[in-house]
Amino acid sequence: MDKIACDLLCTARTMLTPHHALLTLRADEPLPKVSPGQFANVRVAGSPATFLRRPVSIHDYDGAATVQLLVHAVGDGTRRLCELQVGERLDCVLPLGRGFTLPDTPLRALLVGGGVGVAPLYLLGVELVRRGCDVTFLLGGKTEADILRREAFEAVGRVCLTTEDGSAGTRGFVTHSPAMGERYDFIYTCGPKPMMQAVGRAARQSGTPCEVSLENMMACGLGACLCCVEKTTTGNRCVCTDGPVFNTQELIL
Ligand SMILES: Cc1cc2nc3c(=O)[nH]c(=O)nc-3n(C[C@H](O)[C@H](O)[C@H](O)COP(=O)(O)OP(=O)(O)OC[C@H]3O[C@@H](n4cnc5c(N)ncnc54)[C@H](O)[C@@H]3O)c2cc1C
Ligand code: FES
């Protein structure tokens, strides 16, 4: 099975902060297999401003019919998603896009996330650990309150933190963390573009393979409208179908 359109039932909603919700959604039938880094394109009912579906990373997947989404309310669509009630249904197309490359042999991996960019890294970390990898999460935010689901990440791997105000972990950006100076076989990252560019450049300098999950604006999510195009070293690529995950060798950093 490739991707499906279905109405997922909201079985739980936890507000992690006043602007971040963790949604647990269950399908009536088993879902197609989800690979870490793939996303759902979600219809947000109730407003002309949210006519287009909104892309949201699949944060967790139980291997059967349940997924979790981690949503940051930045506009009308994501605000409405954060207000979804238990018992309501959400029209989703999933799983979409190409996810992260998964190793066949155990390796030492660094997963760097900023803000809600941590969303796809949880399922990735779980899968890497299942494959015997040594996983370090490096999570960054402006302040401690921006570090989402810290305990959940700690249950999967080593967690290092940075905050711009020094309220948790190392003061500064993720690139200031001592964890960035260690040797890894692979680096994965998702978050604000300047953060991903800085991590990508650091990975290049150390000769470490690195993949980035881009969050370009999207509409169709299916490669038809071209509104998500990213200029790469191999030409213009649709983030929704060629990505959202790209190797930094392909990106113009
Ligand atoms: C592959 C992918 C995965 C994503 N995963 C998640 C996720 O797991 N959790 C999550 O909360 N968000 C995620 N996003 C971002 C999310 O799709 C946008 O925040 C959302 O579409 C904004 O819709 P809105 O109606 O709330 O805001 P709008 O009213 O459309 O816009 C409000 C503000 O948000 C900005 N904005 C709109 N779209 C994006 C975007 N794609 N990236 C950054 N800023 C944007 C606009 O410029 C504007 O300033 C992801 C995006 C992509 C492409
Ligand atoms: S969102 Fe339409 S082509 Fe990517």
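Tutor: Two residues are in contact if their C-beta atoms, placed from the backbone, lie within 7 Å. Keep that cut-off in mind; the model is a predicted one.

Student: Which residues does Ile147 touch, not counting residues up to four places away in sequence?

Tutor: Start with its place in the chain: Ile147 sits in the loop between strand 9 (134–141) and helix 3 (150–154). Sequence neighbours up to four places away are set aside. The partners of Ile147 are then Leu139, Gly141, Leu161 and Ala168.

Student: Is Ile147 buried or exposed?

Tutor: A residue needs 20 or more other C-beta atoms within 10 Å to pass as buried. Ile147 has 25 such neighbours, so it counts as buried.

Student: How far apart in space are Ile147 and Gly132?

Tutor: Gly132 comes just after helix 2 and has a positive phi of about 85 degrees. In sequence, 15 residues separate Ile147 from Gly132. From C-alpha to C-alpha, the distance between Ile147 and Gly132 is 26 Å.

Student: How many of the twelve residues of helix 2 are buried?

Tutor: The buried set takes in Ala119, Pro120, Leu121, Tyr122, Leu123, Leu124 and Gly125. Glu127 and Leu128 are also in it. Helix 2 is largely enclosed by the rest of the structure, because the number of its residues that are buried is nine.

Student: Which element gives the most to the largest nonpolar core?

Tutor: That core has 71 residues. Ala40, Ala109, Leu111, Ile187 and Val199 have the most contacts inside it. With six residues, the element that gives the most to this core is helix 2.

Student: Where does this core lie relative to the two domains?

Tutor: Look at who contributes. Domain 1 (4–96) gives residues to the core, and so does domain 2 (108–250). The core therefore lies between domain 1 and domain 2.

Student: Which residues is Leu111 in contact with, leaving aside its neighbours within four places in sequence?

Tutor: Leu111 is among the core residues with the most contacts inside the core. Drop the neighbours within four places, and its contacts are Leu121, Leu124, Gly125, Val135, Phe137 and Tyr188.

Student: How many residues of domain 2 are in contact with domain 1?

Tutor: The centres of the two domains, taken over C-alpha atoms, are 21 Å apart. Domain 1 brings 19 residues to the contact. Its touching side divides into ten nonpolar, seven polar and two charged residues. On the domain 2 side, the number is 18.

Student: Which element gives the most to the shell around ligand 1?

Tutor: There are 21 residues around ligand 1, and Ser57, Gly75, Gly77, Thr78 and Ala119 come nearest. Strand 4 (54–57), strand 6 (66–72) and helix 1 (76–82) each supply at least two residues of the shell. With four residues, the top contributor is strand 4.

Student: How many residues of the shell around ligand 1 are charged?

Tutor: Both domains give residues to this shell, so ligand 1 lies between them. By class, eleven shell residues are nonpolar and seven are polar. The charged count is three.

Student: What is the radius of gyration of the chain?

Tutor: The chain has 253 residues. A compact globule with that many would come out near 18 Å. The chain agrees with this, because its own radius of gyration is 17 Å.

Methods
Residues numbered from 1 in each chain as written. Chains lettered and ligands numbered in written order. Predicted model: local features only at pLDDT ≥ 70, side-chain atom pairs only at ≥ 80, totals over all residues. Near = placed C-beta within 6 Å. Nonpolar A, V, L, I, M, F, W, Y, C, P; charged D, E, K, R; others polar. Domains from an automatic or database assignment. Rg over C-alpha atoms; globule rule 2.2 N^0.38 Å. Core = buried A, V, L, I, M, F, W, Y, C linked by C-beta atoms within 7 Å.
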